[in-house]
Amino acid sequence: MTKIAFIGLGNMGLPMAVNLVKAGYRVNGFDLIPASLQSFVTAGGEGVSSANEAVDGAEVVISMLPAGKHVAELYNSNDGLLAQLPKGCLVIDSSTIDATTARQVGEAAAKLGIDFIDAPVSGGVSGATAGTLSFIVGGEVDCFARAKPILEAMGKNIFHAGSVGSGQIAKTCNNMLLSVLMTGTAEALQMGIENGLDPKILSDIMVKSSGRNWALEVYNPVPGVMPGAPACNDYQGGFMVDLMNKDLGLAFGVAQESDSKVPMGEQAAALFKRHAEAGNGRRDFSSIFQYYNKG
Ligand code: NAD
């Protein structure tokens, strides 16, 4: 079975790597945080003490790191992994980062005969645990085909968006739209409540009407309306406001480069920024409802 190195065993990386182990892959995992590494070992993975050790003998390298600077440092720095990896190795970066860094690492890899794809995910920690993530891939067609069976061990929907960097662009478009949908949904529900409507009944109406959207369908932001949604758990778990703000920053980088107009994204970003400044950065992003609810 293919030998895989998995770098970054955080909230997302750990369950993803565990699903690869469950699928029968030989996985060497590494994280800078010893407790994360220990969790991987407890779950049946092989923990090693450095990224260089993890990639030793690996045919495929997967990374799941916080941001672009971590990915550039891991692969492209003087003693980065690209210098160590053999020709023909496949690198899959699933972190959500800027497309420019993804392209820079992809170009450096290509010069060395190493296959590279950017493969950011959607679906959150619950999707990572259940193995139902969506992977949004940027890369050559043959690299995509090579990665697909491995990604299928961690996800349900595997999309090919285009060339290297396209996965990150598609992911950023999606998350900017999500920020608009969530703020709009919270806004409409609060206005209904202030006009005497039951938010559950209003949600039932809108989910069957033209206002229907993902936030209403599976992630209702009003406490008590949708059991299982973070709103029913004091906005714990789920997708943090800080991560949404990071993704919106990436979206504005993309918009600037293409000179795209994104006024709706800017409005939503201003709300999430204020919400984070009020101390909600580590809460689920549907807690933006409280911005309306509490003024
Ligand atoms: P996290 O902070 O929980 O995990 C990142 C891990 O990377 C940490 O454990 C950290 O120690 C490790 N790390 C950093 N640099 C390292 C290095 N050089 N070598 C080894 N390990 C290193 O973050 P997360 O929630 O797992 O998110 C990872 C990525 O996935 C981010 O880019 C995030 O935007 C994206 N993402 C997150 C979610 C979510 O719901 N959490 C959903 C979709 C996408």
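## Strand β8 and the second largest pocket

User: What makes both faces of β8 count as covered?

Analyst: Leu133, Phe135 and Val137 on one side are all buried, and so are Ser134, Ile136 and Gly138 on the other. Buried here means under 20% relative accessible area, and 6 of the 6 residues in β8 (133–138) are buried. Do keep in mind that this is a predicted model.

User: Why are β7 and β8 said to pair?

Analyst: Pairing needs at least two bridges between the strands. Strand β7 (residues 121–122) is joined to β8 by 2 bridges, so the pair qualifies. These two strands run antiparallel, and Val121 has Phe135 as its bridge partner in β8.

User: And how do you know that β8 pairs with β9?

Analyst: There are 6 bridges between β8 and β9 (residues 155–162), so the cut-off of at least two is satisfied. This pairing is parallel, with Ile136 opposite Phe159 in β9. From β8 the chain passes through helix α7 (residues 141–152) to β9, a right-handed β-α-β crossover.

User: On to the pocket. Which residues of the second largest pocket are closest to its centre?

Analyst: The pocket has a volume of about 170 Å³. Of its 16 lining residues, Asp98, Ala99, Leu250, Gly253 and Val254 are the closest to the centre.

User: Why does Gly253 count as polar?

Analyst: Gly is placed among the polar residues by the classes used here, so Gly253 is polar too. The lining has 5 nonpolar, 7 polar and 4 charged residues.

User: Which element gives the most to that lining?

Analyst: Helix α11 does, with 6 residues.

Note on methods:
Residues are numbered from 1 along each chain as its sequence is written. This is a predicted model: local features need pLDDT of at least 70, side-chain atom pairs count only at pLDDT 80 or more; totals for chains, interfaces and linings use all residues. Side-chain values use heavy atoms; hydrogens and water are left out. Buried means under 20% relative accessible area, exposed over 50%, partly exposed in between (1.4 Å probe, protein chains only). Helices (H or I, at least four residues) and strands (E, at least two) are DSSP runs, numbered from the N terminus. A crossover is right-handed if, with the strands pointing away from the viewer, the path from the first strand over the helix to the second runs clockwise. On a 1 Å grid over the protein atoms alone, a cavity is a set of points where a 1.4 Å probe fits but cannot get out, and a pocket is an open set with protein on both sides within 12 Å along at least five of seven lines; lining residues have an atom within 4 Å of a point. Grid points are joined across faces, edges and corners, and a volume is the space filled by probe spheres set on the points.
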